[in-house]
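Biologist: Before we look at any details, could you show me how to read the features of a model such as this one?

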Amino acid sequence: MSARTLPLLFLNLGGEMLYILDQRLRAQSIPGEKARKDEWTDVDRKRVMNDIITTMFNKKFMEELFKPQELYSKKALRTVYDRLAHASIMRLNQASMDKLYDLMTMAFKYQVLLCPRPKDILLVTFNHLDAIRDFVRDAPSILNQVDETFRQLIEIYTPLSAGEFQLIRQTLLIFFQDMHIRVSIFLKDKVQNSNGRFVLPISGPVPWGTEIPGLIRMFNHNGDEVKRTKFTTDGNYVIPQKEGSFDLYGDRVLKLGTNMYSISRPVETHMAGSSKSLASHAKQNIAPNPLAKEEMNFLARLIGGLEIKGAGGNETGFRLNLFTTDEEEEHAALTRPEELSYKVLSIEAAQEPARQEELARILGELEVPEPEPRAGGAPKGEDLLALMD
C-alpha cells in the first residue's frame, strides 16, 4: 500500500462532504428576515462552511495528515469525519451522518474508477480544492489555509512517478472495494446498477499522452518497426486537447471532482443488498487489528486539533436533515444495522495510554497489542500525544 494515499483520500472525501452540506443547507435556508430562531439562514450556511473548512485545513492537522503513513480502517477514518462535520453549530443525527458518509465515499469511489490515468487523481483533488477555495473566497484567512495545503500537494505529489500514482490508485480501490451503496443520482444517470456497482464507459477521451486504440506495432530486436496491424474497437475514443494544469491556478480539463450538486438534484441513498449481508460484512471489519493502539494514536493526533464549537450563551446548535422528511430520517435510523453505525468520540490531547486502549475497545478493537515501530522512525504512543500539547 502507498504511504502517500491518506491526504488524497481525506481531502477528496472532505470536498464531497462540503458539496453535500452546501447543497442541503441552501435547500433548507430561509431568508434572514423571515427565519425563526430554529431555522437556517444563508448567514448560518456560510458560518457552517467557514467553520468546517477552517477546521479541516488547520495547520497542525495538515502537518500530521501529510506525514507518510498507511491508511487506517474505515471506522477510524469515519470517526474523523464525524468530528469534522460537527465542528460548527450544525448537528447531524446518526442516520443523516451515515447517509452523508455514504454519499461522500461512493462519489469519490466513482471518480477514482473513472480517472483516465492514475496521476489524474491529483487533478480530481485539485478540482475539490478549487471548489473549496470558492466557498471561502470572502474569508482571506481561511483562503490562505486552503492555498497552503494546495502548495503542499503540488510540492509532494507532482514529482511522483506514474508507478507511485498507480500504487496510490490501487490503495484507494482496495479501500473502496466492498462498498456498494446505491445513490439516486448515479442510478438515474444509469452509471450505477441496482446492486450498487458502477457501470464504466468504454468510450471517451483516452489518457493524456496515449493514442487511440486500434493499432498494433511490431518491432525487431534493433527497435525498428517491421509490421503494423489494425483492429477494430467497440468504443468511440478521442484524444484530449491538452493536459490538465497541476499549478495552483489553472484549467484542470478533467471534470471529475467538480460539484455535481451545483444543479438542484436529490441526494437520497439506498443501501444495496440485504441488511443481513451488510451486517455480516461489518462484523468482519471489527476483528482485532494489530495496529489498533497505533490507530488510536493517529486519531488522537488528528482529532486533537479538531475543536468542536459548542453552542455558547443562548445559541443553540442547528440540526441538518439529509433526508426529505423527519420521518424518513427516523426510519433510516431504525432500519440501519447496528454494526454499521458509528459513534462520535471525543479524544483529548492529554489522554493516557490506558484511555487510548479503552477507546480502541469502543471502536470494536478487542485486543490492543504493542505496535511494531513505524517506517521512517515516526513517533508513537505518548510521543504522538505530546505533539498536540
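**Reading a predicted model**

Modeller: Let us begin with a helix, bearing in mind that this is a predicted model: ten of the twelve residues of α4 are buried, so α4 is largely enclosed by the rest of the structure.

Biologist: Which residues of α4 are the buried ones?

Modeller: They are Ala76, Leu77, Arg78, Thr79, Val80, Tyr81, Asp82, Arg83, Leu84 and Ala85. As a general idea, an α-helix has 3.6 residues a turn, so residues three or four places apart point the same way.

Biologist: How do the end C-alpha atoms of α4 compare with the span expected at 1.5 Å a residue?

Modeller: The twelve residues of α4, which run from 74 to 85, should span 16 Å, and because the end C-alpha atoms are 16 Å apart, the two values agree.

Biologist: How many aromatic pairs does a search of the whole structure find?

Modeller: The search finds eleven aromatic pairs. In one of them, the ring centres of Tyr81 and Tyr101 are 6.1 Å apart and the planes stand at 45°, so the pair is tilted. This pair links distant parts of the chain, since Tyr81 belongs to helix α4 and Tyr101 to helix α5, 20 residues apart. Tyr81 counts as buried at 0% relative accessibility, and Tyr101 counts as buried at 4%. Ring pairs also join Phe10, Phe61, Tyr81 and Tyr101 into a cluster.

Biologist: Turning to strands, how do β4 and β5 pair?

Modeller: In a regular strand the side chains alternate between the two faces of the sheet. Here, strand β4 (residues 215-219) and strand β5 (residues 225-230) pair in the antiparallel sense over five bridges, and Ile216 has Thr229 in β5 as its bridge partner. The hairpin that these strands form has five residues between them, and Gly223 in this hairpin takes a positive phi near 85°. As for its surroundings, β5 is hardly covered, with a count of zero buried residues among its six.

Biologist: Which residues other than glycine have a positive phi, as Lys190 does?

Modeller: The general idea is that most residues other than glycine have a negative phi. Lys190, with a positive phi of about 60° although it is not a glycine, is found in the loop between α9 (184-188) and β3, and it is exposed, with a relative accessible area of 69%. Val253 likewise has a positive phi, near 65°, and is found in the loop between β6 (237-238) and β7 (269-270). Val253 is partly exposed, with a relative accessible area of 30%.

Biologist: Finally, how should I read a pocket, and what lines the second largest pocket?

Modeller: Rolling a probe the size of a water molecule over the atoms shows where empty space is left. In this model, about 590 Å³ of space lies in the second largest pocket, and its lining consists of 27 residues, of which Leu114, Cys115, Pro116, Pro205 and Leu254 lie nearest its centre.

Biologist: Which element gives the most to that lining, and how is the lining of the second largest pocket divided by class?

Modeller: α5 gives the most, with three residues, while α5 (94-114), α6 (120-135) and β3 (204-205) each supply at least two residues of the lining. By class, the lining of the second largest pocket has 18 nonpolar, three polar and six charged residues.

Terms used: Residues are numbered from 1 along each chain as its sequence is written. This is a predicted model: local features need pLDDT of at least 70, side-chain atom pairs count only at pLDDT 80 or more; totals for chains, interfaces and linings use all residues. Side-chain values use heavy atoms; hydrogens and water are left out. Two strands pair if DSSP finds at least two bridges between them. Helices (H or I, at least four residues) and strands (E, at least two) are DSSP runs, numbered from the N terminus. On a 1 Å grid over the protein atoms alone, a cavity is a set of points where a 1.4 Å probe fits but cannot get out, and a pocket is an open set with protein on both sides within 12 Å along at least five of seven lines; lining residues have an atom within 4 Å of a point. Grid points are joined across faces, edges and corners, and a volume is the space filled by probe spheres set on the points. Ala, Val, Leu, Ile, Met, Phe, Trp, Tyr, Cys and Pro count as nonpolar, Asp, Glu, Lys and Arg as charged, and the others, Gly among them, as polar. The expected span of a helix is 1.5 Å times one less than its number of residues. Buried means under 20% relative accessible area, exposed over 50%, partly exposed in between (1.4 Å probe, protein chains only). Rings of Phe, Tyr and Trp (its six-membered ring) pair if their centres lie within 6.5 Å; planes under 30 degrees apart count as stacked, over 60 as edge-to-face and the rest as tilted.
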